[in-house]
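User: I'd like to learn how to read a fold like this one, feature by feature. Could you walk me through it?

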Amino acid sequence: METRSAKRKKLSTNAQITKEEEEEEEEKEDRISDLPDDVIHHIFSYLPIKSVAQTSLLSKRWSRIWRSFPDLDFTTVAALTTTTTPAAAALTTTTTPAALISSLRRRVQHHVSKDAKYADQISALIEKRHSDIRAVKFRAFVTFSTLNRLIRNSVKRNVQELDVEVFTCDYFNFPRIVMNSAALKTLRLKSWHPGFRLPPLQIMKEGLKSLSVLSLSRPILHDSPSLINLFTNSSFPFLKKLHLDACFGMTHLKIECPALEDLCLEHNFQLHDLEISSPKLEKLRVFSCFDVSSSTNISRVKIEAPLLKNIVWSYNAVTQECVLNKLTSLHEAVVGFFVPNEDLSAAKFRSVSNFLTGISCCKSLTLESQCIEIMSKNDRVSMCSFGKLKCLELSTGFEKHNNSALAGVFRSAPTVNTVTIKILGDDKAERRWNKDLWQSPSSGEERYWESQTQYLSSFLRHLKVVRIFGFTECANDVSLVKFLLKHGKVLQQVFLFTSLSKPRDSLLREKIKSQIMGFSRASSNANIVFQ
């Protein structure tokens with residue numbers, strides 16, 4: 001017979017088990033379903049759209065959440081492959097053989113037929129939506145009719161961001177349905193092949209006034225080569241970010257958008273005349289632009305941007321005229337040019353000088369190798385004083401004829417603290433070790449740098465950190481290091497990133513390292529680090 005004590009113990013145990021089961025059930029409870037729809041939508045935005053769509057099978061509520069999900073990014077389902085896009089880009093080059101062009105076109109047509117069902121499914125999915133859509137992004141091979149229908153359905157759902165990257169079998173016209181959208185804030189349109197035609201400029205000026213972001217890649221502008229009257233004060237009043245890439249036929253471009261903050265121009269090879277006047281522009285990137293072959297038309301650049309903080313001017317042909325005004329807020333500048341084999345004219349040398357003068361207010365400056373070559377070949381390219389400059393980076397082949405250009409740059413940077421030199425082409429004969437030079441009391445390079453001591457006095461009083469990448473211990477490199485150590489009064493760190501050498505040179509390398517470590521130093525805090 002069970003005692004009272006045993007009964008009480010049994011009841012207590014059962015109660016404890018029941019409590020544990022309740023806690024376990026609470027842990028299994030679906031708490032995410034209790035979240036508001038907008039919170040779940042935010043979580044969905046971090047997931048591939050295929051995974052988001054699969055949640056619609058869970059319940060009616062999850063099905064409703066999927067149907068109202070406002071950010072439709074189909075690029076996670078089918079993206080244009082990196083092996084296809086360069087092939088299609090080759091279709092636009094005049095040097096591609098006819099047989100290759102025909103083959104590539106057949107390949108594009110094959111993909112268009114293959115992806116037709118996929119594109120139709122996206123269009124149908126958007127068309128069935130009953131709520132507004134915030135963003136639509138897709139990459140596909142499509143026909144123009146499918147593309148037009150997809151964009152039209154997106155605009156009907158008041159899409160705010162439209163990001164389209166497509167291949168088509170033929171040129172297509174810019175979808176005019178976009179012009180009727182007051183909700184659209186961001187538009188990115190890229191055609192890998194063969195390109196698209198813009199509508200008349202007056203229609204664009206009147207129909208895209210609500211945009212804050214616009215990116216056009218590979219538009220055809222042969223019928224309207226001048227975009228002087230498109231990006232004016234009144235046509236894009238809210239535009240903050242503009243990207244124009246590979247605008248075929250564009251020769252003149254003028255930008256005066258009052259709210260513009262970020263401007264990027266790339267691969268506009270036929271450009272002759274660029275004028276930018278933007279009171280709020282903060283970032284400017286111009287890469288691989290301007291017509292290098294034209295000798296009849298005068299090429300010009302004029303930039304006025306009082307709030308500009310960052311400018312990247314890389315691999316651009318040198319224009320004949322250059323005017324940079326009021327870049328007083330400039331913080332960082334990266335400068336490089338594309339220079340063909342023929343010598344530059346006197347006008348283009350002045351243009352390079354004017355460009356460097358225009359960015360002299362910057363605090364951080366990077367000069368690419370072509371800049372150093374231009375300055376090395378002609379002493380008419382002079383640099384004014386960069387009085388605010390603190391960080392300087394130079395890319396150079398660092399051959400003997402480059403020394404005068406480097407010295408000129410150093411003279412123009414009287415208060416710089418950090419200098420980084422990236423040496424290119426260290427396999428050249430001039431950059432190999434020369435034992436005879438090392439055995440002589442002083443080399444020609446060393447004597448040259450010593451002759452610059454007086455002119456570089458301010459530079460040497462402020463320099464604290466030196467980094468040299470591609471250091472090969474040749475006479476040119478070591479002479480500069482010896483000079484900086486000998487006269488750098490506040491020098492703290494010298495980092496020498498050496499390039500690989502042959503095993504038989506290892507003993508010589510160690511000997512030279514030992515000699516460098518023994519160089520006299522004007523600063524007792526100067527530390528040499530080999531990496």
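**Reading the model**

Analyst: Happy to. Let's begin with a helix: α15 is mostly covered, with 11 of its 13 residues buried. Please keep in mind that this is a predicted model.

User: Which residues of α15 are buried?

Analyst: They are Ala 475, Asn 476, Asp 477, Val 478, Ser 479, Leu 480, Val 481, Phe 483, Leu 484, Leu 485 and His 487. Here, buried means under 20% relative accessible area.

User: How do I check the length of α15 against what is expected?

Analyst: Take 1.5 Å a residue as the guide: the 13 residues of α15 (residues 475-487) should span 18 Å, and the end C-alpha atoms are 18 Å apart, which agrees. Helix α9 also has 13 residues, and its 18 Å from first C-alpha to last is close to the 18 Å expected.

User: Where do these elements sit in the overall count, and how much of the chain is buried?

Analyst: The chain has 16 helices and 24 strands. Of its 531 residues, 47% count as buried. For contacts between residues at least 6 apart in sequence, 69% join residues at least 24 apart.

User: Back to α9, then. What do its buried residues pack against?

Analyst: The partners are the strands β16 (310-317), β17, β18 and β19 (364-367), together with helix α10 (369-377). The buried residues of α9 are Lys 348, Phe 349, Ser 351, Val 352, Ser 353, Phe 355, Leu 356 and Gly 358.

User: Is Phe 349 buried or exposed?

Analyst: Phe 349, in helix α9, has a relative accessible area of 7%, so it counts as buried. This residue also shows how the fold brings distant parts of the chain together: Phe 349 and Val 381 are 32 residues apart along the chain, while their C-alpha atoms are separated by 5.8 Å.

User: How many cavities are there, and what lines the second largest?

Analyst: There are 4 cavities of 30 Å³ or more. The second largest holds about 40 Å³ of space. Its lining consists of Val 301, Trp 313, Thr 319, Cys 322, Phe 337, Ser 351, Val 352 and Phe 355. By class, that is 6 nonpolar and 2 polar residues, with no charged ones. Helix α9 (residues 346-358) gives the largest share of this lining, 3 residues.

User: Val 301 is on that list. Which face of its strand is it on, covered or uncovered?

Analyst: Val 301 is on the covered face of β15 (residues 300-304), along with Ile 303. The uncovered face carries Arg 300, Lys 302 and Glu 304.

User: And how do I read the pairing of strands?

Analyst: The general idea is that strands of a sheet pair through backbone hydrogen bonds, either parallel or antiparallel. Here, β15 pairs in the parallel sense with β13 (residues 273-277) over 5 bridges, and β15 and β17 also pair in the parallel sense over 5 bridges. Looking at single positions, Ser 277 stands opposite Glu 304 in β15, and Arg 300 has Glu 321 of β17 as its bridge partner.

User: Which strands form the edges of the open sheet of 3 strands?

Analyst: That sheet has the order β4-β6-β8, with parallel pairing. Its edge strands are β4 (172-173) and β8 (219-220), each of which pairs on one side only. Between β4 and β6 (residues 196-197) there are 2 bridges, and Phe 172 has Phe 196 in β6 as its bridge partner.

User: Now a loop residue, please. Why does Lys 326 count as exposed?

Analyst: Because its relative accessibility is 53%, and the cut-off for exposed is over 50%. Lys 326 lies in the loop between β17 (321-325) and β18 (332-338). Leaving aside residues up to four places away in sequence, it touches Glu 304, Ala 305 and Pro 306. With Glu 304, the separation is 22 residues in sequence and 5.9 Å in space, C-alpha to C-alpha.

User: What should I look for in backbone angles?

Analyst: Look for a positive phi in a residue other than glycine. Asn 158 has a phi near 55 degrees, and Ala 246 has one of about 50 degrees. Asn 158 sits in the loop between α7 (144-156) and β3 (161-167), whereas Ala 246 is found in the loop between β10 (241-245) and β11 (252-255). As for accessibility, Asn 158 is partly exposed at 36%, while Ala 246 counts as buried at 7%.

Key. Residues are numbered from 1 along each chain as its sequence is written. This is a predicted model: local features need pLDDT of at least 70, side-chain atom pairs count only at pLDDT 80 or more; totals for chains, interfaces and linings use all residues. Side-chain values use heavy atoms; hydrogens and water are left out. On a 1 Å grid over the protein atoms alone, a cavity is a set of points where a 1.4 Å probe fits but cannot get out, and a pocket is an open set with protein on both sides within 12 Å along at least five of seven lines; lining residues have an atom within 4 Å of a point. Grid points are joined across faces, edges and corners, and a volume is the space filled by probe spheres set on the points. Helices (H or I, at least four residues) and strands (E, at least two) are DSSP runs, numbered from the N terminus. Ala, Val, Leu, Ile, Met, Phe, Trp, Tyr, Cys and Pro count as nonpolar, Asp, Glu, Lys and Arg as charged, and the others, Gly among them, as polar. Buried means under 20% relative accessible area, exposed over 50%, partly exposed in between (1.4 Å probe, protein chains only). Contact means heavy atoms within 4.5 Å. Two strands pair if DSSP finds at least two bridges between them. The expected span of a helix is 1.5 Å times one less than its number of residues.
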